[in-house]
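Grab a coffee and work through these exercises with the viewer open. Try each task before you read its solution.

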Amino acid sequence: MNLYKYVSDKINEKLGATVNLESPRNREFGDFATNVAMVNVKSAGKNPRELATDYVAKLAELDFVENASVAGPGFINIKLRDDFIWKNVAAPEQITADKPLVIDMDYGAYNVAKSLHIGHLRTSIVGDTLYRLGRFLGHKMISYNHMGDWGRSMGFVIAWIERLHPDWPFFQSNFDPDGDYSKYTFDPAELDTYYPSAAALAKTDTAFLEHAQMITAELQQGHAGYNAIYNIFMPISLASMNKTVKSLNIVPFDNDLGERNAAKYTAPVEKMIRDKNLLVKSDGAEIIIVKRDTDNKPMPPVMFYNSRGAVPYDATDIMALYYRKITDNPDKVIYLTDKRQSLHFEQLFRVAELLNMFPADALEHIGYGTINGSDGKPFKTRDGNAAGLNDIIDMVRVAARARVAESGKKLDDETIDEIALAALKFNDLMHDLRSDYIFDPDSVTSFEGRTGPYILYTAVRLNSILKKAETNQKSEIVNHKLTVDERNLLIQIMDFERTVLTAFDNRATDLIANYAYDLCQLINTFYHNCPIMRDDIDDKTRAGRLHIVRVARDTLATAIDLMGLTVPREM
RNA sequence: GCGCCCAUGGCUCAAUUGGAUAGAGCAUUUGACUACGGAUCAAAAGGUUGAGGGUUCGAAUCCUUCUGGGCGCGCCA
């Protein structure tokens with residue numbers, strides 16, 4: 001149940017006020033606290049402690065209140081009755097948001113012919129958890145991997161292939177579009193080196209750069225040879241992306257539709273823009289002015305056609321939005337990208353408004369921070385290269401395997417992978433996604449303390465008890481007087497629903513991760529202090545504690561699933 | 001130049017969006033039933049929340065000035 005909401009509503013009803021209910025930081029103060037007396041002190045004309053005393057008398061009449069007391073400058077602390085807690089604590093169910101929405105989520109945004117690197121970690125992992133959260137709350141979530149598959153980088157890749165194989169038919173003037181080109185193929189790993197190599201060359205070789213830019217424009221305008229070679233490497237690259245997606249255990253994208261798909265809608269979108277007289281010629285390009293008189297900051301125009309006639313990402317993003325409008329017609333579109341792109345999205349949203357495509361509040365950009373190394377600069381491997389995502393996954397796996405070997409346990413590879421992935425993903429999820437954070441390989445691979453493996457370990461422990469207790473499956477709730485550890489755990493369990501709702505509302509995946517960690521701490525303390533299967537434990541206590549274990553396990557398992565992690569059978 | 005973001009124990013992060021004695025993890029020191037599984041638990045030590053000023057019952061959080069960092073500002077995404 002949403003304990004917080006229930007208690008909050010009852011108290012509001014009783015006091016005829018809007019109470020700001022909170023969980024006290026220090027659990028000894030009580031299960032809940034409120035500052036309502038301090039807030040209402042002005043209108044009441046009493047001092048806060050007097051007013052609080054009045055409130056306390058009323059609160060004591062509520063059937064779920066064990067006691068209520070005044071503390072400090074006028075806080076009211078409330079302790080719940082044991083039987084109320086016993087009666088209401090339950091495993092989480094699918095929660096339905098008040099108003100289920102259709103939500104398009106744009107994250108991932110992988111690039112063709114460029115392997116995933118550490119920059120894709122957050123968009124993938126956080127995007128996946130937001131997607132799962134939204135789904136859990138009953139929203140219709142539609143995910144888009146808005147691939148970089150049609151812009152400048154494609155010209156670079158093709159130019160690089162031409163450089164390697166100038167004799168290939170795709171680059172000849174007499175290219176036959178109906179020919180059989182099945183013998184031309186690429187090794188995925190090698191393909192991933194093409195774009196970086198080309199980009200590096202373009203920095204020094206202006207002629208190469210200009211040639212690549214021309215190829216981009218010609219590709220977009222239908223050049224047969226370029227399109228043919230594109231159609232060969234594109235699927236190879238996509239398969240490679242999806243392999244990484246799978247190894248990250250993120251929900252497959254509903255749509256792998258990127259810039260190329262969007263560009264199909266150039267004509268209707270251009271018409272919309274022209275109809276409103278928004279397209280302006282400038283330096284050979286065609287742009288949309290989005291600056292407003294009230295702006296006190298730089299607001300460059302949106303590029304629709306560049307001077308070579310190609311559609312850059314400014315334009316394809318408008319078209320992608322158009323595509324989503326005419327297909328999903330979503331209530332909301334949420335973009336999850338690096339925060340450095342926030343100006344771009346502000347521009348895009350202005351265009352959407354100018355075109356009456358979406359109101360401003362339907363579009364949302366969540367900008368996540370950079371993952372830095374211990375030097376405070378974007379994380380690189382020891383040899384100074386941008387760290388590949390597969391390399392990072394492997395690094396954590398190797399560490400996990402070593403850890404298992406050291407402990408003398410025998411776990412299969414699948415389990416080790418689950419542990420390693422948990423370490424990597426939890427480390428990402430626990431940070432405030434809008435801030436930069438430092439990625440410390442030693443800390444991520446330590447598997448101790450505030451880590452993914454700690455979370456999984458806790459779940460495995462609970463499963464282990466339940467397995468052991470299988471024989472006496474009394475599912476009825478036998479209540480006994482709660483110990484402090486039992487009580488703290490149950491209160492936290494009952495706060496799950498509020499946490500999930502708040503996390504989604506604030507697009508704050510760290511709330512789920514931190515909730516799970518706090519829950520695990522309480523579980524482990526309970527586990528340590530409250531024996532269950534030991535011979536000296538009476539049946540009533542055992543049955544009650546087993547019930548707690550079941551509910552705790554189910555709650556934790558739900559949180560783990562929302563984070564896209566898997567509980568191993570053993571560890 | 002204009003604009004946005006950040007600064008919290010030695011290190012990495014929190015702080016219920018203005019609430020009580022600023023909490024965790026790592027590292028350090030110490031302890032735990034020969035174990036419902038020790039990837040755990042318990043405890044100690046460690047803080048003028050970058051600096052100054054202001055707002056109020058109450059500030060890490062809001063305003064202001066300063067210092068130090070990061071990022072963005074038309075043909076990349």
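**Exercise 1. Find the element that gives the most to the surface near RNA strand B.**

Step 1. The answer is α18, with seven residues. Here, "near" means that a heavy atom of the residue lies within 4 Å of the strand. Helices (H or I, at least four residues) and strands (E, at least two) are DSSP runs, numbered from the N terminus.

Step 2. Before going on, some housekeeping: this is a predicted model, where local features need pLDDT of at least 70 and side-chain atom pairs count only at pLDDT 80 or more, while totals for chains, interfaces and linings use all residues. Residues are numbered from 1 along each chain as its sequence is written, chains are lettered from A and ligands numbered from 1 in the order in which they are written, and side-chain values use heavy atoms, with hydrogens and water left out.

Step 3. Now look for the other contributors. The elements that each supply at least two residues of this surface include β4 (75-80), β8 (285-288), α15 (389-407) and α21 (509-529).

Step 4. Sort the surface by class: 31 residues are nonpolar, 18 polar and 18 charged. In this scheme Ala, Val, Leu, Ile, Met, Phe, Trp, Tyr, Cys and Pro are nonpolar, Asp, Glu, Lys and Arg are charged, and the others, Gly among them, are polar.

**Exercise 2. Work out which residues come nearest to RNA strand B, and which atoms lie close to its bases.**

Step 1. There are 67 residues around the strand, and Ile287, Tyr313, Arg403, Tyr527 and Met571 come nearest. On the RNA side, sugar and phosphate make up 56% of the strand's atoms that come within 4 Å of the protein.

Step 2. Turn to the bases and check for polar contacts (pairs of N or O atoms within 3.5 Å; within protein, one must be able to donate a hydrogen and the other to accept it, and residues adjacent in sequence count only if both atoms are side-chain atoms). Asp283 puts a backbone N or O atom 2.9 Å from a base nitrogen. Lys409 uses a polar side-chain atom instead, 2.7 Å from a base nitrogen. For Met533, a polar backbone atom is 2.7 Å from a base oxygen.

**Exercise 3. Describe the aromatic pair of Tyr107 and Phe253, then do the job again for Phe171 and Tyr226.**

Step 1. Count what's there: the whole structure has 32 aromatic pairs. Rings of Phe, Tyr and Trp (its six-membered ring) pair if their centres lie within 6.5 Å; planes under 30 degrees apart are stacked, over 60 edge-to-face, and the rest tilted.

Step 2. The centres of the Tyr107 and Phe253 rings are 5.0 Å apart and the planes sit at 45°, so this pair is tilted. It links distant parts of the chain, 146 residues apart: Tyr107 is in the loop between β5 (102-106) and α6 (119-136), and Phe253 in the loop between α10 (224-247) and α11 (259-263). Both Tyr107 and Phe253 are buried; that label means under 20% relative accessible area, with exposed over 50% and partly exposed in between (1.4 Å probe, protein chains only).

Step 3. For Phe171 and Tyr226, the centres are 6.5 Å apart with planes at 50°, so that pair is tilted. Phe171 lies in the loop between α7 (152-164) and α8 (188-204) and Tyr226 in helix α10, so the pair ties together parts 55 residues apart in sequence. Phe171 is buried at 14% relative accessible area, and Tyr226 is buried at 7%.

Step 4. Zoom out to the cluster. Phe171 and Tyr226 belong to one aromatic cluster that also includes Trp150, Trp168, Phe186 and Phe233.

**Exercise 4. Trace Phe233 into the largest nonpolar core.**

Step 1. That core has 191 residues, and Phe233 is among those with the most contacts inside it. A nonpolar core is a set of buried Ala, Val, Leu, Ile, Met, Phe, Trp, Tyr and Cys residues joined through side-chain atoms within 4.5 Å.

Step 2. List the partners of Phe233: leaving out residues up to four places away in sequence, Phe233 touches Val112, Met154, Val157, Ile158, Ile161, Phe186 and Leu191. Contact means heavy atoms within 4.5 Å.

**Exercise 5. Say where Ala109 and Asn277 sit and what their phi angles are.**

Step 1. Ala109 is in the loop between β5 and α6, with a positive phi of about 50° although it is not a glycine. At 32% relative accessibility, Ala109 is partly exposed.

Step 2. Asn277 lies in the loop between α12 (266-275) and β7 (279-282). Its phi is positive too, about 55°, and Asn277 is not a glycine. Asn277 counts as exposed, at 69% relative accessibility.
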